[in-house]
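Q: Please take a close look at how the cysteines are placed in this structure, and then follow the account outward to the aromatic rings and one of the pockets. Give the cut-off for each term as it arises.

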Amino acid sequence: MTSTMQAIIATQAGGPDVLMQVARPVPVPGAGEILIEVAAAGVNRPDLMQRSGAVPLPAGVTDVLGLEVAGRVVDGDAGLRGQAVMALVKGGGYARYCLAKASHCLAVPEGLTMEEAAALPEALFTVWHNLFERGRLSKGEVVLVHGGASGVGTIAIRMAIARGATAIATVGSNAKKKAVEALGATAINYRTDDFVAAARSATGGRGVDVVLDIVGGSYVARNLDVLAPGGRHVSLSFMEGGVVPIDLGLVMRKGLYLTSSTLRPKSDEEKTAIAAVLRAEVLPLVASGVVRPLIWRQLALSDAAQAHRMLEANENIGKVLLLPTGDGHE
């Protein structure tokens, strides 16, 4: 193993062009950490927000981008060396080697490729905690997933269906509609149809039990409208704005719940607890093939700017990955 590696950083706040490949020392694991030789890294919207300056880099976190990886353990916990793992990380994924907390890693099930594994950690942690813990989605209920063709959206659909719920999803094109319907969801093209009316129609007028929202802004009032009595509104992000008016009368009449969470600031202990539940509740679904990611593109590490442009243009159906060891492919 060499002492230096290639990694991707943002030289300043800005567009995709501020991303640069640089040489960095290979990190050294500390207590409770392992060093992963990265086979693939997932690209996520929080990466774009960090690069643009919308979300500041947390104190003490590497400026190398990337929040999820898969690869083999090459240093750290002796009991894990040589094992294939997928990991949620605070940063550092866009690199040849990446540090991770051992307790935030999941074993890669047999039959899952490293690329598929790299597409899962951020989505599994996010969906489980927000949709099933905070949103309390249960068997027999209905969830409306906004951004159904995204990496998180596709996993939310598959996990909801695997656990006995019904999924409705909004998408922005007919190609995405077809892909989401292939996952088993009822798809609504929000560019041509009113998602409130369509979701009401799909539920016989009752409305949905949970909304998993990424838009914020004007969507919030419409989300509350489409929720059934006792419904739960879960915010993952707010691309259209985070400060919105709320009709508290409607919230009271329907007995609605509004909740939200984000992974990166959570304590190591909270992430460790989520990882433990994922091992028990979700990894068996991954191992059986019921929950698998959709991969849109696999690009070389040096093409990180192109990967960011794809997500910003909402081109992707599923995940975009970076491959530190290869040239990538379309």
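A: A disulfide here is a pair of cysteine sulfur atoms within 2.5 Å. By that criterion, a search of the whole structure returns zero disulfides. Cys-98 takes part in none, and the nearest cysteine sulfur to its own, at 9.0 Å, belongs to Cys-105. The relation holds in reverse: Cys-105 is in no disulfide, and its nearest cysteine sulfur is that of Cys-98, 9.0 Å away. Cys-98 is buried (under 20% relative accessible area with a 1.4 Å probe, protein chains only; over 50% is exposed, in between partly exposed), its value being 1%. Cys-105 is likewise buried, with a relative accessible area of 6%.

The model is predicted, so local features need pLDDT of at least 70 and side-chain atom pairs pLDDT 80 or more, while totals for chains, interfaces and linings use all residues. Residues are numbered from 1 along each chain as its sequence is written, and side-chain values use heavy atoms, without hydrogens and water.

The aromatic residues form two pairs in the structure; rings of Phe, Tyr and Trp (its six-membered ring) pair if their centres lie within 6.5 Å, with planes under 30 degrees apart stacked, over 60 edge-to-face and the rest tilted. One pair, Trp-128 with Phe-132, is stacked, its centres 5.1 Å apart and its planes at 25°. Both residues belong to helix α3 (residues 121–134), where they are four residues apart, about one turn of the helix; helices are DSSP runs of H or I with at least four residues, strands runs of E with at least two, numbered from the N terminus. Trp-128 is buried at 6% relative accessible area, and Phe-132 is buried at 10%.

The other pair, Phe-195 and Tyr-219, has a centre distance of 5.0 Å and planes at 35°, and therefore counts as tilted. Phe-195 lies in helix α6 (residues 195–202) and Tyr-219 in helix α7 (residues 219–226), so this contact ties together parts that are 24 residues apart in sequence. Both partners are enclosed: Phe-195 is buried at 1% relative accessibility, and Tyr-219 is buried at 9%.

Charged groups also meet the rings; a charge sits over a ring if NZ of Lys or CZ of Arg is within 6 Å of the ring centre and within 35 degrees of the ring normal. Arg-163 lies over the face of Phe-132, 5.2 Å from the ring centre. Similarly, the charged end of Arg-96 sits over the ring of Tyr-97, at 5.4 Å from its centre.

The second largest pocket has 23 lining residues, among which Glu-33, Thr-62, Lys-90, Gly-91 and Leu-99 lie nearest its centre. A pocket is an open set of points on a 1 Å grid where a 1.4 Å probe fits, with protein on both sides within 12 Å along at least five of seven lines, and lining residues have an atom within 4 Å of a point. Strands β2 (19–25) and β6 (97–101) and helix α9 (268–281) are the elements that each give two or more residues to this lining. The largest share, five residues, comes from β6. Gly-91 is situated in the loop between β5 (84–88) and β6, and Gly-91 is buried at 10% relative accessible area. The C-alpha atom of Gly-91 is separated by 18 Å from that of Ile-274, which is 183 residues away along the chain.
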